[in-house]
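Got the viewer open? Here is a short tour, one selection at a time.

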Amino acid sequence: MHETGPFSIPAIRDFVPPKLRPWIIIAFVIVFQFSGGLYLAAVSEMVGSTALMQEDIMMAGYASMIGMGLTFAIMFRLKFRFASKTSLMTCSIALIVSNLICMQTHSIPVLVITCFFAGIFRMQQGTPVAGYFLRVAFSGVPGADFFQKRPGEAFRRIVRAECA
C-alpha cells in the first residue's frame with residue numbers, strides 16, 4: 001500500500017525510493033517540455049534548413065503556444081478520466097509522431113497543425129504531474145483528497161464549502 005504523506009506519488013511503484021520520486025517526475029517534465037514541434041530559439045537555423053520564411057516558422061511556434069493554452073480548459077477532466085500511465089504513454093506517442101512530422105515536412109499548414117497538437121500534448125502530459133502538486137497545495141483544505149476513488153467529489157466538496 002502507498003503511504004499518504006504530504007508528497008506521496010501513488011503512480012510510482014513502491015520499490016522506488018521516496019526521495020527519488022519527485023525527481024523522476026521533474027525529469028519527465030523537462031523531457032516533455034523540450035520536445036514538441038519547434039524550438040523557437042532556433043528559428044534562424046530552421047529558416048536556413050527548410051527554406052521557409054521566418055514568419056511561417058514563428059506562426060507554427062505560436063500555434064504550439066495556443067495549443068498549450070487551450071489545454072487548460074479540459075486538463076482536469078482528462079486527468080480524472082485517464083490513469084497517469086495511460087496519459088503519459090498517449091502523450092509520449094503523440095509527441096514522437098509530431099516530432100517526426102515536424103522534422104520531415106516542408107509544408108506550412110502541416111507544420112502549423114502539427115505544432116498545435118504537439119502543444120496540446122505537451123501540456124496534457126502535465127496533468128499527472130499537476131495532480132501530485134495539487135495534493136501538496138491543497139493539503140490543508142479539508143476534504144481535498146485528490147487520490148480517492150471518485151476524485152471529482154473532492155472538487156465538489158471544496159466548491160460547496162466555499163459557496164456555503
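One yardstick before you click: the expected span of a helix is 1.5 Å times one less than its number of residues. Keep in mind, too, that this is a predicted model.

**Stop 1: helix α6.** Select residues 108–124, which make up α6, a helix of 17 residues. From first C-alpha to last, α6 reaches 24 Å, close to the 24 Å expected at 1.5 Å a residue. Now show the side chains. Which residues of α6 are buried? They are Leu111, Val112, Thr114, Cys115, Ala118, Gly119, Ile120, Arg122, Met123 and Gln124.

**Stop 2: the whole chain.** Zoom out and colour by secondary structure. You should find eight helices and zero strands, so starting at the N terminus the elements simply read α-α-α-α-α-α-α-α. Of the 164 residues, 34% count as buried. Among contacts with a separation of 6 or more, 63% are between residues 24 or more positions apart.

**Stop 3: the surface.** Switch on the surface view. The chain has about 10200 Å² of accessible surface, and carbon and sulfur atoms hold 70% of that area. Next, select Leu20, Trp23, Ile26, Ile30, Phe34 and Tyr39: together they form a nonpolar patch on the surface, with about 700 Å² of accessible area.

**Stop 4: Leu20.** Stay with that patch and pick out Leu20, one of its members. Leu20 sits in the segment before α1 (21–33). Is Leu20 buried, partly exposed or exposed? Leu20 counts as partly exposed because its relative accessibility is 42%, and that class lies between the 20% and 50% cut-offs.

How values were computed: Residues numbered from 1 in each chain as written. Predicted model: local features only at pLDDT ≥ 70, side-chain atom pairs only at ≥ 80, totals over all residues. Heavy atoms only, no water. Helix = DSSP H or I, 4+ residues; strand = E, 2+ residues; numbered from the N terminus. Buried < 20%, exposed > 50% of the residue type's maximum accessible area, 1.4 Å probe, protein only. Contact = heavy atoms within 4.5 Å. Areas by Shrake-Rupley, 256 points an atom, 1.4 Å probe, with all protein chains shown as cover. Patch = residues over 30% accessible without salt bridge, like charges linked within 9 Å, V, L, I, M, F, W, Y side chains within 5 Å. Salt bridge = Lys/Arg side-chain N within 4 Å of Asp/Glu carboxyl O.
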